Amino acid sequence: MTTLTPQKPAIPQPGGDVTPAPEPRPAAPESRPAPEPGPAQDPAWRELVDAVREAGQYPTRSEAESVTRVVLSALGGHVVGDERVDLARALPEEAARVVASQIPATRSLTAAEFVDSVAARIEGATPATARWDVSSVLSVLPPLVGDELVTRILDQLPPGYALLFGRAELTPAA
């Protein structure tokens with residue numbers, strides 16, 4: 001009978017015998033270069049994520065960053081032309097990559113469809129929570145990218161998006 005310690009997993013052998021797993025080799029010391037600054041170290045990206053975290057009252061920075069990436073990637077597929085280029089230029093580098101890396105959508109989505117598309121990208125999201133997520137991200141963009149650019153983006157999108165950006169949606173009287 002073989003006695004195993006809990007730290008060593010058993011490896012089944014032909015014939016029903018069990019032998020302890022081999023001892024792991026000690027890791028060789030690595031000489032790696034210093035990590036390159038990533039999105040977490042980019043101060044402008046951190047400020048954007050912090051603004052989203054505050055606007056959406058997310059409990060962790062990680063959750064706010066995830067929501068920010070999902071919403072910006074969805075937006076990146078629906079903003080095209082000069083507005084997309086200008087939006088990418090106005091955003092922090094990491095956010096610009098998220099927006100610019102998206103393939104343009106083949107058809108415009110209504111604001112409700114846009115929210116539903118975001119809900120489909122976030123595990124466990126409902127239309128209501130996705131609406132919160134979208135508004136938490138898009139409402140922090142006007143002070144960052146400028147009202148003029150937001151107006152140009154809204155002119156490109158179907159009606160209904162203004163509320164997601166934290167603006168009133170005014171329609172002409174009939």
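Visitor: Leaving aside its neighbours within four places in sequence, which residues is V118 in contact with?
Guide: V118 is in contact with V70, V71, A74, A130 and V134. Keep in mind that this is a predicted model.

Visitor: OK. Which residues have the most contacts inside the largest nonpolar core?
Guide: V118 is one of them. The others are F114, L138, L141 and F165. That core has 41 residues.

Visitor: Which helices each supply at least two residues of this core?
Guide: Helix 1 (43–56), helix 2 (61–76) and helix 4 (93–100) are among them. Helix 5, helix 6 (127–138), helix 7 (141–145) and helix 8 do so as well.

Visitor: And where does the largest share come from?
Guide: From helix 2, with seven residues.

Visitor: Let's step back. How many helices and strands does the protein chain have?
Guide: Eight helices and two strands. From the N terminus on, the order is β-β-α-α-α-α-α-α-α-α.

Visitor: What percentage of the residues count as buried?
Guide: The protein chain has 174 residues, and 33% of them count as buried.

Visitor: What about contacts between residues at least 6 apart in sequence: what share joins residues at least 24 apart?
Guide: In the protein chain, that share is 57%.

Visitor: Back to F114. Where is it found?
Guide: F114 sits in helix 5.

Visitor: Is F114 buried or exposed?
Guide: F114 has a relative accessible area of 0%, so it is buried.

Visitor: What does F114 touch, not counting residues up to four places away in sequence?
Guide: Quite a list. F114 touches V71, A74, L75, H78 and L109. It also touches V134, L138, Y161 and L164. Take A74 from that list: it is 40 residues from F114 along the chain, yet their C-alpha atoms are separated by 7.7 Å.

Visitor: How many aromatic pairs does a search of the whole structure find?
Guide: One. The partners are F114 and Y161, with ring centres 5.5 Å apart.

Visitor: Why is the pair called tilted?
Guide: Look at the ring planes of F114 and Y161. They are at 55 degrees, so the pair is tilted. Planes under 30 degrees apart would count as stacked, and over 60 as edge-to-face.

Visitor: Which parts does the pair tie together?
Guide: F114 lies in helix 5 (residues 111–121). Y161 lies in the segment after helix 8 (147–156). The pair therefore ties together parts that are 47 residues apart in sequence.

Visitor: Is Y161 buried or exposed?
Guide: Buried, because its relative accessibility is 1%.

Visitor: New topic: helix 2 and helix 4. At roughly what angle do their axes cross?
Guide: At roughly 45 degrees. The axes of helix 2 and helix 4 come within 7 Å. The two helices are therefore oblique to each other.

Visitor: Which residues meet there?
Guide: Helix 2 brings R69, L72, S73 and G76. Helix 4 brings E94, A95, V98 and V99. By class, the contact of helix 2 with helix 4 has four nonpolar, two polar and two charged residues.

Visitor: Tell me about S73. Is it buried or exposed?
Guide: S73 counts as buried, because its relative accessibility is 11%.

Visitor: How far apart are S73 and V98 in sequence, and in space?
Guide: S73 and V98 are 25 residues apart in sequence and 5.5 Å apart in space, C-alpha to C-alpha. They are in contact too. Leaving aside neighbours within four places in sequence, S73 is also in contact with Q102 and R121.

Visitor: What about R61? Where does it lie?
Guide: R61 is in helix 2. Its relative accessible area is 25%, so R61 is partly exposed.

Visitor: And what does R61 touch?
Guide: Not counting residues up to four places away in sequence, R61 touches R46, V49, D50 and R53. R61 and R46 are 15 residues apart in sequence and 8.9 Å apart in space, C-alpha to C-alpha.

Visitor: Last one. What is the phi of Q57?
Guide: Positive, about 55 degrees, although Q57 is not a glycine. Q57 is in the loop between helix 1 and helix 2.

Visitor: Is Q57 buried or exposed?
Guide: Exposed, because its relative accessibility is 60%.

Technical notes. Residues are numbered from 1 along each chain as its sequence is written. This is a predicted model: local features need pLDDT of at least 70, side-chain atom pairs count only at pLDDT 80 or more; totals for chains, interfaces and linings use all residues. Side-chain values use heavy atoms; hydrogens and water are left out. Rings of Phe, Tyr and Trp (its six-membered ring) pair if their centres lie within 6.5 Å; planes under 30 degrees apart count as stacked, over 60 as edge-to-face and the rest as tilted. Helices (H or I, at least four residues) and strands (E, at least two) are DSSP runs, numbered from the N terminus. Buried means under 20% relative accessible area, exposed over 50%, partly exposed in between (1.4 Å probe, protein chains only). A nonpolar core is a set of buried Ala, Val, Leu, Ile, Met, Phe, Trp, Tyr and Cys residues joined through side-chain atoms within 4.5 Å. Contact means heavy atoms within 4.5 Å. Axes are lines fitted to C-alpha atoms, for helices over the stretch in contact, and angles run from 0 to 180 degrees between N-to-C directions. Angles under 35 degrees count as roughly parallel, over 145 as roughly antiparallel, 65 to 115 as roughly perpendicular and the rest as oblique. Ala, Val, Leu, Ile, Met, Phe, Trp, Tyr, Cys and Pro count as nonpolar, Asp, Glu, Lys and Arg as charged, and the others, Gly among them, as polar.
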